[in-house]
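Reader: I am new to protein structures. Could you walk me through this one, feature by feature?

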Amino acid sequence: MVKRVLSLILTTVLLGAMLVACGGGSSSSSSSGGSSSADSSSSSSSSDSTQKTYRVAFIARAQADSFAAWLANEMRAAASQYPDITLDVFDSQANDDRENSLIENAIANKYDGIIVQANNAEAQRPYIEQIVKAGIPAIATNPKVDGIEGLSTIDADPYEQGAVNAREAVNQIPENANVVVLMGPPSNFHSDERRRAWEEEFFAKRPDVTILAEDHANWNKDEAMWLMEDWVIAHDKIDAIISMNDNMAAGALEVVKDDPRFQDILVYGVDGTAEAVLLIKEGKMTSTSLQSAIDLAKLNMEAIYKLMTGEEKEIHEAVPAPLINASNVDEYIELFKSLGQIQ
């Protein structure tokens, strides 16, 4: 599985995907297919005056989140492979009101296609419905939003992302262990499904394990640190950190990294970020599952192009969730080196 996923990813990279620094403080950035807008329009007028340029808006969840930032960068890289697509990326800053306003603005500005990475699927649902009602091709990605006719989805399987870790943890976490659990935002589809996987694949099989504390850190490293600081004060013995993403896992680890009481702590995450694979290599993190931003971005651009050109009416696809642990982490480190995310 690892070699197949890496082959797909590296093929995408070799096609010319370039990472662009993700300005967390800015609300919008543009990327066109390998040339400036002036060069593009000049080329179009000289070769084919009727060639259409498609304007696509990507409403990103939060650039402060390491995975969301990676996805935004890969969206730009994937868009650069389409000379007739101009991509604008907007940062919702993990704020529902801001994201909903950005969606409304994208509709008002008559984008040819809109891709939404919801901060809270139910909060964004009525606004995504407005996109579809306006007749604009629309995709909900990472997470998908179900139940909207005419809406396409590009996502991963969050249950499987949690399950690949939980199945390993059954035999890794010691008997009568104490664990803490870090959740994403309340009612978030990915967080809830990953947690359900842990419940069914681990906790149901290990009734000896005690959950000392469980709370929402909203995918945020700082919030995870604040929670972990309280938990280590309240509890001398924590055997494992079970996190619904890598960013929160890294935050919790930061709190206990120099505390001898927790030198053997086990840590599980999801996303397969560059930070996570380095922590696995260092022996500080146990495992994670890959949610490939490269594959997600590539599928999103392929899908939105087919939707805008009328080749397809509705598309639903998902990326795989391979496990990353000490046995295969070197392969993923090489991947991130090729992407420039690890020096």
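**Helices, a sheet and two residues**

Author: Start with a helix pair: H8 passes H9 in a right-handed crossing. Keep in mind that this is a predicted model.

Reader: How are two packed helices described?

Author: The general idea is short. Two packed helices are described by the angle between their axes and by the distance between those axes. Now the case here. Helix H8 covers residues 221-234 and helix H9 covers residues 246-256. They pack at an angle of about 40 degrees, and their axes are 7 Å apart.

Reader: Are H8 and H9 parallel or oblique to each other?

Author: Oblique. Angles under 35 degrees count as roughly parallel, and 65 to 115 as roughly perpendicular. The angle of about 40 degrees falls in neither range, so H8 and H9 are oblique.

Reader: Which residues in H8 meet H9?

Author: Lys-221, Ala-224, Met-225, Met-228, Glu-229 and Val-232. On the H9 side, the residues include Asn-247, Met-248, Gly-251 and Val-255. By class, this contact has nine nonpolar, two polar and three charged residues.

Reader: Now the sheet. How do strands join up?

Author: Strands of a sheet pair through backbone hydrogen bonds, either parallel or antiparallel. In this model, four strands form an open sheet with parallel pairing. Their order is E8-E7-E9-E10.

Reader: Which are the edge strands?

Author: Strand E8 (210-216) and strand E10 (266-268). Each pairs on one side only. As for twist, neighbouring strands of this sheet are turned by 15 degrees against each other on average, direction ignored.

Reader: How many bridges link E9 and E10?

Author: Three, in the parallel sense. Strand E9 spans residues 240-243. Take Ala-240 as an example: its bridge partner in E10 is Leu-266.

Reader: Let me try single residues. Is Ser-287 buried or exposed?

Author: Buried means under 20% relative accessible area. Ser-287 has 3%, so it is buried. Ser-287 is found in the loop between helix H10 (274-281) and strand E11 (288-289).

Reader: What is Ser-287 in contact with?

Author: Leave aside its neighbours within four places in sequence. Among its contacts are then Asn-165, Val-267, Tyr-268, Ile-280 and Leu-323.

Reader: And where does Arg-196 lie?

Author: In helix H7, residues 189-203. Arg-196 counts as partly exposed, at 36% relative accessibility.

Reader: How many residues apart in sequence are Arg-196 and Ala-163?

Author: They are 33 residues apart in sequence. In space, Arg-196 and Ala-163 are 8.7 Å apart, C-alpha to C-alpha.

Notes:
Residues are numbered from 1 along each chain as its sequence is written. This is a predicted model: local features need pLDDT of at least 70, side-chain atom pairs count only at pLDDT 80 or more; totals for chains, interfaces and linings use all residues. Side-chain values use heavy atoms; hydrogens and water are left out. Two strands pair if DSSP finds at least two bridges between them. Axes are lines fitted to C-alpha atoms, for helices over the stretch in contact, and angles run from 0 to 180 degrees between N-to-C directions. Angles under 35 degrees count as roughly parallel, over 145 as roughly antiparallel, 65 to 115 as roughly perpendicular and the rest as oblique. A crossing is left-handed if the near helix is turned anticlockwise from the far one by less than a right angle, and right-handed if clockwise. Contact means heavy atoms within 4.5 Å. Ala, Val, Leu, Ile, Met, Phe, Trp, Tyr, Cys and Pro count as nonpolar, Asp, Glu, Lys and Arg as charged, and the others, Gly among them, as polar. Buried means under 20% relative accessible area, exposed over 50%, partly exposed in between (1.4 Å probe, protein chains only).
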